[in-house]
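Reader: Please take me on a close look at a single part of this structure, starting from the chain as a whole. I would enjoy one connected account.

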Amino acid sequence: MTSSPTHPSVVVIGAGQAGLSVSFYLQRLGLEPGSDFVVLDRGPSTGGAWQLRWDALRIGSAHRINDLPGMDAVGLSFETADRTLPAKDVVAEYYRQYEEHYNLQVRRPVDVKRVFNRGTELVVGFAEEELTTEIVVNATGTWGSPFVPWYPGLNDFRGRHVHTTDYRSAAQFAGQSVVVVGGGTSAIGFLLELENVASELTWVTRRPVEYLDDGELNMEDGKAAVAMQDEAARAGRALPSIVSGTGIPRTRRIQSGIDRGLLVARPMFSSIEPDGVRWEDGSFQKADAIVWSTGFRPELRHLSPLKLREKEGGVSVGNGSAWKDPRIFFAGYGPQASTIGANRAGRQIARQVIATLSNIG
C-alpha cells in the first residue's frame, strides 16, 4: 500500500493526549509520520485543549496529567513539572518537545470540517484541501463542544453566560454577582479563584457533591466510572459524566473552602430571569454572570456525513472503533477520556489500525 502526504494510510485528527499517544505507537509499529500517517490539529499551538484553559489552573492533585508514552525518553515528566506555572504553559511546552523529539510533524492549525466517503476511500476535508485515506483516528476530545443545559429564561438573561471554555481569569468578574453552575473540579476551582474578587458568589449543582475523604480517586470508583462510560459507548448512548461516578478529591485547599463556608452548594435553580436566577421555593438571586461549568460533549460534528450516530444519541464504539464503520477509530472517547485511559488505549488502537491496514492491503 502506497502512502504520501496527500494520501496517507492513516489520518489522526487531534494532537492532544489521545492523538499523540496513538501517533507514538503508530510510529513504533513502523508507520512514518508525515507520509504513512498524518496528524492534524486545530489548535494554534501544542498542548491540545490544555493550551486553551484558564490562567490560574495549575497541575495538582485535582488536575493530574499523566505522562505521554515515551515521554521519559524526552527527559520530561508531569510528576516533576513546575506547579507554580500555569498548567496550559507547562503542557504546551512539554508537548512541543515531545512532538519535536519524535518528529511527529503535526500540521496546525487545521480545522477539519468533514469526513466523508468517496467510493471506497475516506476523505478528510479542511479549508480548501482534502486528504484521502484508509483509516481515520478521531482524537478531537470534547473542548470544542461545550454543553450548557437549557433552563426556562436562558435566552432572556441580561448578564453574561460564560462556559468553562470562555473563562480566562477572575478579573473578568471583579465586583460582580456570580452564579457558578456545576459539581466538578473546574466549578470548585472557579469558586476558589473568585472568592475575593466577585462581590457575591452562589454555587449550584444538579446533585449533591461527593467528596473523597482520602484526597484522591478511589480505584474501585474509577473502575466503575470507566465501566459506565464503556457501556454507554458500546450502546451508542450519550456518555455520562466521569465526575458523577467518581467524586471530588478532598484536598487541603478544597477542605479549607468547605470549612469557611465557600463550598456550600445550593440545589439547581428552576428558571433564569433577566437579572438573576430563581428557585422553586420562590427565592431569587441577582446575577451579573452565570458561569456554566457543566461539561462537554464529544466533538463529532465533522463525522456527521458518515452517519455513525445511533438513535440513542451517541456513537456505538467497541474496542476503539465504530461498529457502523470499522475504519473509524475513536481515541480519548468514553472510557479513554482520562489522560491515563488515553495512554492505555493508544497502544491498543494503534495495533488495531495496523491490523486493519493489513486486511485492506
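**From the chain to one loop residue**

Author: Happily! The chain has an accessible surface of about 16600 Å², with 48% of that area belonging to carbon and sulfur atoms; such areas come from the Shrake-Rupley method with a 1.4 Å probe, and for residues only the protein chains shown count as cover. Please keep in mind that this is a predicted model, where local features need pLDDT of at least 70, side-chain atom pairs count only at pLDDT 80 or more, and totals for chains, interfaces and linings use all residues. Residues are numbered from 1 along each chain as its sequence is written, and side-chain values use heavy atoms, with hydrogens and water left out.

Seven helices and 19 strands make up the chain's secondary structure (DSSP runs numbered from the N terminus: H or I of at least four residues for helices, E of at least two for strands). Of its 361 residues, 52% count as buried, meaning under 20% relative accessible area with a 1.4 Å probe, protein chains only. Among contacts (heavy atoms within 4.5 Å) with a separation of 6 or more, 68% join residues 24 or more positions apart.

Now for the close look: Leu104. This residue sits in the loop between α2 (87-101) and β3 (112-118). Leu104 is buried, as its relative accessible area is 1%. Apart from neighbours within four places in sequence, Leu104 touches Leu20, Ser23, Gln27, Pro33, Phe37, Val39, Tyr98 and Glu99. Gly34 lies 70 residues away along the chain, yet 7.1 Å separates its C-alpha atom from that of Leu104.

Terms used. Buried means under 20% relative accessible area, exposed over 50%, partly exposed in between (1.4 Å probe, protein chains only).
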